[in-house]
Each structure stands twice: as C-alpha cells, then as structure tokens.
Amino acid sequence: MRDLLSLQGLSIQTSSDKRSLTADVNISLVEGEALGIVGESGSGKTLTALSILGLLPRGVEVVSGEINFNGENLLSLEPERLREIRGKEISMVYQDPMTALNPVMTVGNQLLEVLDYHNHEVKNPESHVRESLIEVGIPDPERALKSYPHEFSGGMRQRAVIAMSLLLSPKLLIADEPTTALDVTIQRQILSLVSKQRSRRQMSMLWITHDLGVVANLVDRVAVMYAGRIVEVGTTKQIFNSPQHPYTQGLLASLPVASSRSRNRLASIPGVPPKPWLVGQSCSFADRCQFVQIRCRESLPLLDARGSKSVACFYPIASST
Amino acid sequence: MKREKNWVNYYLQSTSGIVGAVLVLIMITLSLISAFGLAPHDPLEQNPMDALQGPNGTYWFGTDQFGRDIFSRSIDGMRRSLSVALLSVGLATLFGVTLGVVGGYLGRWIDNIVVRTSDVIFAFPAILLALAIVNSLGNSWIDTSVAIAIVYTPIFIRVARGPVLSVKEMDYIKSARVLGYSSPRILGRHIMPNVFAPIVVQVALSLSWAILTESGLSFLGLGTQPPDASLGLMVSEAQALAAFAWWSLAFPSIFITIVVIGLNLVGDGLRDALDPARRSTS
Amino acid sequence: MTLVIDNVFKKYPIRQSKTVVNALNGISLNISKGQTLGIVGESGCGKSTLARLIVGLESPTQGAITWRDNVLLRGSKNQWRNHLSPAQLVFQDPYSSLNPRQRIGECIREVISAHNLRKKEEIDSRVTELLKVVGISGDMKNRYPHQLSGGQRQRVSIARALAAEPELIILDEPVSALDVSVRADVMNLLVDLRKEFGLTYLFISHDLSMVRHISDVIAVMYLGRVVELGTWDEVLDNPQHPYTKALIAAIPDHSQVGQMDLTVSLEGEVPSPTNIPLGCAFHVRCPIAVPNCSKMIPQLLPIKSSQSVACSEVVK
C-alpha cells in the first residue's frame, strides 16, 4: 500500500528568533491507517498537525522538510489548491468545539456552507446534512439544524464538528485532542463514534493527544514525541506492551492503571521536558533518563528503523516479548 | 548570576519610548526655566515697538501684536498646561482608581453606584462637560484642573475596575481569602500590584489628553485668561494674525503637538514594558 | 470526627433567566481525621462547589458543615473572613493560583506572619523548611511563579496550604492541568506528605484512576448528590450504582491494548443542573431504570457496613 501522507524531515521554527520547535519529524500513514501522535505540552505534536493543513500560527514557520499528501507536496501548493484539499480531502477536529463553530450561525447553515463552498454536488443538500447529523448520533436532527452552537452541550458540539468534518468524506481526518475538554463518559461516546466512522469509511486518521490511554484502543500505530522530535514509533501493541525508549516506558509507568488493584508508588520521571530549541546535539531526554551514558550527551540519537518499529535511543530497553 | 531585568530595562529597549521620554523631558525643562523666571523675556511684558516681528536673534520665535516674546510665552504656556495636566490627572487618578478598585472589589450596591455615576459623566461630551464645570467654578488654573479631573475620573474608574474584576476571580485571591487575609491586605498586596500597569499607562495617555482639553478650554475663552499665557489661548489669539504672522500660530501649535506625541509614545512604551507577557518572550 | 457535611444544598439563582442552578442537592459526607476522601464525578456534579463551601468562600443555602461538633458554617456568610480557615485549598490551575507579582518565599511567609503562626525569628527557617518538604530547594524562594514549571508551582501551592497548618487539605483536581510525566511526581508527594504529617485530604477529581490511587474512601457524585460511597477497593471491585459502573467502564485503559473495545458505557449527557430530572436524577440515562425511578429520590442506603448506594433498584 502506498503512503497517503508522509512528513519528511519536517522542521518548524519561530520566524523571528529562529527557535527550533520541531526537528526532523518523519511520519507516514498508509491509506485507511490511524496513527496516534502522543506527547506532552511543548512536544510539538499540535504544530506538526497544524503544519499539514498550512495552519501554523503567525510567527511560526516550516523551515525544511516535505509534506506529501496523495502525491502532492502540500508545502509548495498554490493557496487555491490547498483550500480545495482542506475540508474536502483532509479535515480537522479541534480540542475546543465551541471555537470551532461560528456562534452567530445555525449549525444547519454552517454544514450547508461547507457543501456550498466546495461545490459539492449532492442532489438534496438538506437531507445530506440531516443524515450526517444522524450518523454522528445527534438526536432530533431537525431541531439541531435550526439550533445555534451555544444551545448544544459540549458533547453535542463536538458531534456537530465531527459531522462537519466528515461531510465531504475526507481521506484523512486530523483530530487534535478532541476529547480532552469532555467528561469521561462523553469521551468514550466520541471515541466509539469516531472509531465506527473510520472503519465504515476506510478513512485515515491522525489523532493528537497527551493521553496515552485514549489512543490505546483507537489507533493502529503510535508515534511518541518529546521536545520537538519523534523518539519512538511502532504499532500500538509494541508501544504499550514493550516500549523501548526510556521516555515511553517512563510515561507508561507513571500512569496509575485503573483496573489494577495495587497502589504502589507511581514511577515518576524526574525533572521537566527541555525547551526543544535548547537541546542541541544530544539526546533531549538525557537529563531525565535513568539509563543515560556519556554518548547520549555527546551525540543525537536518530530514529533507527527496525522492521516496523523504530526508536531514537542509543541504548533502547530490550524488548521483553 | 544574571541580574533580573526590571521594567526600566525593557522600557529602554524601545526606541519610540526613548524618543517620547526625551520630548517630554525637553518640555518639562522648558517649563522649569519659565517657572524659575529664567525665560529670555517677561512673558507679559509688552513692547509695542517690537510688535509682530518674525523669528530673529532677540525674539527666537518672533513677537505677537503687543510685542510680547512668543518663545517666553510658549514656555510659560507649556508650564501652565503641564501644571493643569498634572493636577487634573493626579486628582482623576486618585479618585478614579480609589472608586474603581473599591467598587470592583466590593461589588454589589457600591459598585452599582460607582458604575452608574461614571456612566452619567461619560454620557456628556468631554469638552461640553468641562465647559459647564469651568463656568460654574471659575477660571483659575485650579478650577480648570478640577473640571478636567471630573471629566477624566470615569476613565480611571474603568481602567482600574476592569482588571480588579478579573484579578478578583483568580485562584490566588480565593486562596488569600481562605487564608484569612484582611481585605486591605488582599487589596494592597495581591490586587493592586496586578492592576498597577494599566493605570500607569493610562496616566501617561491622559496627561496628553488633559493638555489638549486645557488648550481647548483656553481656546474657547475659558480656562486661562489674558494676559496670562497658555498654549490654547495663544493659538486662539493667533487665529486672526496667522495670515501675515505665521510664527504666532505655528510655535504654540508645535509645542502642543510635541508634548502630546511625547506623552503618547511614553504611554505606549510603558504599556509594552509593563506587560509581563511581552517581557517573558525575550 | 473532623468534618461533617449534613444534608447541604447550594442553589445559585440566575437573575436574567429566572432559573436556579442546583449545584448541591442534599449531600451528606463525613471526613475523619487522617483519612483521604476521594470525590469523583463529571462536570456539573457539584464537586467544586462543595470545596468552596467547606473552605468558607461561600455558604450553603441549606444544611450545615460542622467542624468538631461546632456548627460554624450555618447560614451566615464568610465565616472565615479575616480568620484562617481550618480547610485549605490547592487549586487545579497552577498558573492562576499564585500571585504573579509575589516571590514564592514571600507567598509562604505571608501566611505565617499574617497569623503569627511562628515567632518572628523562626519564620525564615519555617519557609525554607516548608519549601524543602514539598521538594523545592530553599535558594529558589526569591523566584517569581513564572520562573517555575507547572509542577513546581503546584508544589508551592501545597506548601502554602501546609503553612496554614490546616485540619483538612482540599485538593481540587491538583494534577489535571499538569503534564503527564509530572503528575506522578505530585501524586507521590501528596502520598508522602500524608504519611509524614498525618494529613487529612479531600481529593476531588474527574479522573477515577487518580482518585483510586490516593483515596481511602470514594464518594461518587452525580448532579449534586452522592450516588455511591465506599472504601476505594469496594467501589472499584464491586461497584453497585449503574453510574459508578459506567464511569469505571469509560476510563481509557492503557493496560489493555488492541482489544478495540470502545463500546459506549453510558448514553446521553449529564442534564443541566438548572433542570434536574425528577426522582432519581440519573434515571434518564440509566440502563436499569424502572418507571418508579422518576417518582422518588433514592436515599443513600448501606448495602454493607462500609458501602452505600443511592439506587432503589440495587437496594431492594
């Protein structure tokens, strides 16, 4: 299968003082695959996602690398073509559903506008929009179409945003922490909804999150980001069951397991993540790593592909399985 | 260890801030020269023989129709304008900030009274209100200052009240209440330091507006009365002469412009220097 | 008994819409000295309102909160104005819980000096000691909050609470805003402090896995009432209330990878607290509801000596 999306050597910096925010990010996604990007605040996960759609905030820019989507380099496209791809082929769901919807426009009109803007030919736009709401589990779609976003609860708003992002049957859905602001029972509803829609539509998905638990049963592969770089990539099973990077392992060990009966001391990672621009030519995790060696401080470990899994570490933890 | 930068360091990094400060300092120096009687001529002394002379070696800015030295009158007018501005903005800051902080912090009916009153004052056009007050108070520079202070007090109420309302809701204020701190302590140590910055900026900006208002009042024949000099009054008197004695209009106008621009630049510079968000990026 | 919360109601009238937010609807809880009570619930369940009532920032509309048999929080408002509350709060957001213009050492010193908790000459060493206890070295006491990481700020907040020598520390989502790799550190610190000083905690969170980790007793709240109460292992091993069951099932569990079990644990959403369903507030979402559930509010009744449930279908 060919790659639908591939990021090659993507580096993002601030425009004014050239601070590195992400460096040499490589990600690939085949058609129909779901990839989770996991990282803490400042790891560069959201910037990476935003760069794909050319939506980086002012003052931040891609300085090197390529973003190939379906054979086209998104970084060198005409703005016109990029707008066409946004929404139609790649769509995005954000963390805060309130700001993703226009407060002074009914939900129905916002959905119709999407169809209209992209000249999407459907026989009956109204019923198409209604069906899209039913698909995401919004009860009483007739009333929902005439409602304004503030009349919706948080969960319903996120459903409406998902309906909007699926309206044009995109090939790729990018989700930036869409369940972080929601209650756990609602989060589970949304995860279940997205998971069903993805398999029904054979859609690819990029799921950005800080919460390892969320992606454990949602995606096929996981990339772990730390201080602007990907430190480990692998199938979900490999990452969760036999993490090789000390950071991934530490992160997993620090989470209390809800189903476990033990209440032992949580394993913790000392210190805080460094600023990506202050790392230089050494392992960014060296200062917090319990297995650190001299070499880790003198040169930069790069992702090294071993079959389907790779890890940016000179002394990876031996796989236990 | 590197010494921590304070807001002065940040202020001095801004070119426009430095330019503003220099302009304002020049005007203050000129006012002081006049205040200590060191002006080249007596601003009130009439020399009919020298009337309406253009700028020259004796009269740097020329003379008016009574032969009075326009430079000496301009710096004396600047002294008067700055005095009125300082007194009026000082009074407005004192009352406005007190009312705004107390209203915002205590809320309820006290806040209601403060807000309604300032809304009423706001509803009048500033210059009209100042005119009415000066008419009923009198024409001394103190009366003018009080009038301008009344007009500007609501602005300071707003500038102080807004940040108090938002800071009041911060968790550290809730924490201070749970820790049993007295209201004066919470106001003085936890709220005021966090609303100080916008007030300082407002003071700088209001000084420039106050100078314009004082000039406006004098121009309209209220405020400073002849034969005393005031920049606004000089502009007013020069109207009829401007066609053949441009200097009588130009120099007082330039002085007003310089001090207003200077104070605005200082205000902008302070806004940037006192904003922790802007500072933390560097 | 340290703290008794007895049938407390809290209503917030909204003037514009002439409606009332029913934040707490008859909640009763006890916290004993040295015990950690965990409160878990989703948005709108009233857990943060309860915290504000206990520390005295607000007063109950009805009911009483009692310390050691002295009713102190009945009716009159601002009980603790100008007095040190026996309960101290640690907030969720480490960025708004410290005064940005106050050095962290000063922030702790102020608590001690404002209430004369130590002799003047002992204050300095007490400040250093408190910072050390939460894992911050004494030479950082001249730093401003913005020079600290989120985890360090949360430690300062904890030290500030400790400085007041409270009977009870209320931890309102203390790790939710922190980075994942820092959470474990703060959780461990809380456990260590409890052991070292015999502290009493009220740990409030939406995250059952955190509540489970630290609590002796867990109370599950839904729309302003406790629906299940029991020791931590009872509530997790043997949940009885259908809401507790759904909540446990909804926790993302990274220990079970690849099972792709993303079935919905609970349909619908929490109703607005301005319009609480009659009878059992949960009946509109409940998988085992019967018609009677909309008629009677179920009381919290014991099913074992230490576990109680508010569900008429479970307790029959």
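# A tour of three chains

Start in chain C by selecting C:Ile39, which stands opposite C:Ala219 in strand β9(C). Before you go on, keep in mind that this is a predicted model.

**Stop 1: the sheet in chain C**

Now widen the selection to the strands around that pair. Color residues 36–40 and 217–222 of chain C: these are β3 and β9, they run parallel, and four bridges join them. In general, strands of a sheet pair through backbone hydrogen bonds, either parallel or antiparallel.

Which strands make up the whole sheet? Going across, you meet β6, β7, β8, β3, β9, β10, β12 and β11 of chain C, in that order. These eight strands form an open sheet, and the pairing is mixed.

Next, pick out residues 87–90 and 301–302 of chain C. Those are β6 and β11, the strands at the edges. Each has a single partner strand, so one side of each is left without a neighbor in the sheet.

With the edges in view, add residues 47–55 of chain C. That's helix α1, which packs on the sheet and touches β3, β6, β7 (168–172), β8 (201–205) and β9 of chain C. Compare its direction with that of β7(C) and you get an angle of about 150°.

There's another helix to show here: α8, residues 242–250 of chain C. It lies across β9 and β10 (225–231) of chain C, running at about 100° to β9(C).

**Stop 2: where chain C meets its neighbors**

Show chains A and C together. How many residues are in contact here? On the chain C side there are 38, and they meet 43 residues of chain A. Select α5 (180–197), α6 (208–214) and α8 of chain C, since each supplies at least two residues of the side that touches chain A. The largest share, eight residues, comes from α5(C). Color that side of chain C by class and you'll find 16 nonpolar, 14 polar and eight charged residues.

Now swap chain A for chain B. Here 23 residues of chain C are in contact with 17 residues of chain B. On the chain C side, β6 and α2 (104–114) each supply at least two residues. By class, that side of chain C has eleven nonpolar, ten polar and two charged residues.

Which pair of chains has the most contacts? Of the two pairs that touch, it's chains A and C. Chains A and B have no contact joining them, and their closest C-alpha atoms lie 10 Å apart.

**Stop 3: the helices of chain B**

Hide everything but chain B. UniProt, in an unreviewed entry, gives "domain: ABC transmembrane type-1" for residues 78–267 of chain B. Select that span in the model: 84% of it is helix and 0% is strand, and its end C-alpha atoms lie 19 Å apart.

The unreviewed UniProt entry also places "transmembrane region" features on chain B, including residues 113–134 and 191–212. Try residues 113–134 of chain B: 91% helix, with the end C-alpha atoms 25 Å apart. Then try residues 191–212 of chain B: 100% helix, with the ends 32 Å apart by C-alpha atoms.

Now select α3 (70–106) and α8 (183–219) of chain B. Their axes come within 8 Å and cross at roughly 145°, and the crossing is right-handed. For a look at the contact itself, show side chains, among them B:Val84, B:Ala85 and B:Val89 in α3(B), and B:Val203, B:Leu207 and B:Ala210 in α8(B). The residues of this contact divide into 14 nonpolar, five polar and one charged.

**Stop 4: a hairpin and a helix in chain A**

Over to chain A. Strands β1 (3–14) and β4 (60–69) run antiparallel, joined by eight bridges. Find A:Gln13 and you'll see A:Glu61 of β4(A) opposite.

Follow β4(A) onward to β5 (72–73), also antiparallel and joined to β4(A) by two bridges. A:Phe69 has A:Glu72 as its bridge partner in β5(A). Two residues sit between the strands of this hairpin, and A:Asn70 takes a positive phi near 55°.

Last pick: helix α4, residues 107–117 of chain A. Which of its residues are buried? They are A:Val107, A:Gly108, A:Gln110, A:Leu111 and A:Val114. Show what covers them, including α2 (79–88), α5 (125–135), α6 (141–146) and α7 (154–166) of chain A. Just after α4(A), end your tour at A:Asn119, which takes a positive phi of about 45°.

Terms used
Residues numbered from 1 in each chain as written. Chains lettered and ligands numbered in written order. Predicted model: local features only at pLDDT ≥ 70, side-chain atom pairs only at ≥ 80, totals over all residues. Pairing = 2+ DSSP bridges. Contact = placed C-beta atoms within 7 Å. Axes fitted to C-alpha atoms, helices over the stretch in contact; angles between N-to-C directions. Nonpolar A, V, L, I, M, F, W, Y, C, P; charged D, E, K, R; others polar. Left-handed = near helix turned anticlockwise from the far one by under 90°. UniProt positions renumbered as here; feature names shortened; annotations may be inferred. Buried ≥ 20, exposed ≤ 12 C-beta atoms within 10 Å, placed from the backbone.
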